[in-house]
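Visitor: Hi! Could you walk me through this structure?
Guide: Happy to. Here it is.

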Amino acid sequence: MTAVRRIVSVDWWVLPSWILASAAGFSVGSLTESVMSTSGGIKVLAPVTAGGTAAAVLQWPALRRHIPRAGRWVATVIVGGAVVAVTSIGAGVLAGLGAGAIGDAEAGRAFGEDVAGVSAAVLYGIAVGVLQGRLLRQRFAGSGRWVLASGAGWIVAGLTAGVTEGVAGWAVLGAVYGAITGGVLVALLRQRRDEAPAGEE
């Protein structure tokens, strides 16, 4: 059995609905941020994971026709956030201890928190992208592009979200991230990979 590609049509509404779902979902992050009063440093992962989970739930209708058991899509966001939290906290602790050993302990703690926050912000899109890419590659050729789109899209979305604050800022973040990943998703959906006997290509 070898994998063959076939071009399939994709409903026109997939991309706009994906962008809307991402924007609406990540807007939930602003509610979590309000409850916490702040989302600086590593704490940013709480509203990000809450918003990402809500977005994944809203994205599911666009996926369920194309990916078996698409409910696992939601789990990738939760697991990805947990992995990033552990990794970022570990990096922050090591950086803080190192900086504290060289200079002031309080300054070292602050530096460690900054490292943890930056690590979380950078790694989130990559971690979630890797997990989601594992689901996509079972059905679509070239799914490695999804990891790149998720990683780069998350950084671009984070920078863009700075133009405003509150719910609007989170909505902008989700919309930009949704537009970048949604474009790749449509390309993947158009090139479905099927299993066929060798020689049928």
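Guide: We can go from the overall fold to the core, and then to a few single residues.

Visitor: Sounds good. What kind of model is it?
Guide: It is a predicted model.

Visitor: And how many helices and strands does the protein chain have?
Guide: The protein chain has six helices and two strands. From the N terminus on, the order is β-α-α-α-α-α-α-β.

Visitor: How much of the chain counts as buried?
Guide: Of its 201 residues, 41% count as buried. The accessible surface of the protein chain is about 10,000 Å², and carbon and sulfur atoms make up 67% of that.

Visitor: What share of the contacts comes from residues 24 or more positions apart?
Guide: Among contacts with a separation of 6 or more, such pairs account for 76%.

Visitor: Let's go inside. Which residues have the most contacts in the largest nonpolar core?
Guide: Those are W73 and W146, in a core of 36 residues. Each of α1 (14-36), α2 (45-63), α3 (72-102), α4 (105-136), α5 (144-160) and α6 (166-190) supplies at least two residues of this core.

Visitor: Which helix gives the most to it?
Guide: That is α6, with nine residues.

Visitor: Back to W146, then. What does W146 touch?
Guide: Leaving out residues up to four places away in sequence, W146 touches W18, W73, G129, Q132, G133, L136, T181, V184, L185 and L188.

Visitor: Changing topic: where does α4 bend?
Guide: The bend is at L123, by about 40 degrees.

Visitor: And how does the span of α4 compare with 1.5 Å a residue?
Guide: The 32 residues of α4 should span 46 Å at that rate, and the end C-alpha atoms are 46 Å apart, so the two agree.

Visitor: Nice. Now some polar side chains. Is T49 buried or exposed?
Guide: T49 lies in helix α2. It counts as buried because its relative accessibility is 17%, and the cut-off for buried is under 20%.

Visitor: Which backbone oxygen lies 2.8 Å from a polar atom of the T49 side chain?
Guide: That is the backbone oxygen of L45. Apart from neighbours within four places in sequence, T49 is in contact with V77, I78, G81 and Y124.

Visitor: One more: what about S88?
Guide: S88 is in helix α3. At 0% relative accessibility, S88 counts as buried too.

Visitor: Which backbone nitrogen lies 3.1 Å from a polar atom of its side chain?
Guide: For S88, that is the backbone nitrogen of A120.

Notes. Residues are numbered from 1 along each chain as its sequence is written. This is a predicted model: local features need pLDDT of at least 70, side-chain atom pairs count only at pLDDT 80 or more; totals for chains, interfaces and linings use all residues. Side-chain values use heavy atoms; hydrogens and water are left out. Helices (H or I, at least four residues) and strands (E, at least two) are DSSP runs, numbered from the N terminus. Buried means under 20% relative accessible area, exposed over 50%, partly exposed in between (1.4 Å probe, protein chains only). Contact means heavy atoms within 4.5 Å. Accessible areas come from the Shrake-Rupley method with a 1.4 Å probe; for residues, only the protein chains shown count as cover. A nonpolar core is a set of buried Ala, Val, Leu, Ile, Met, Phe, Trp, Tyr and Cys residues joined through side-chain atoms within 4.5 Å. The expected span of a helix is 1.5 Å times one less than its number of residues. The bend at a residue is the angle between axes fitted to the seven residues ending there and the seven starting there. A polar contact is a pair of N or O atoms within 3.5 Å; within protein, one must be able to donate a hydrogen and the other to accept it, and residues adjacent in sequence count only if both atoms are side-chain atoms.
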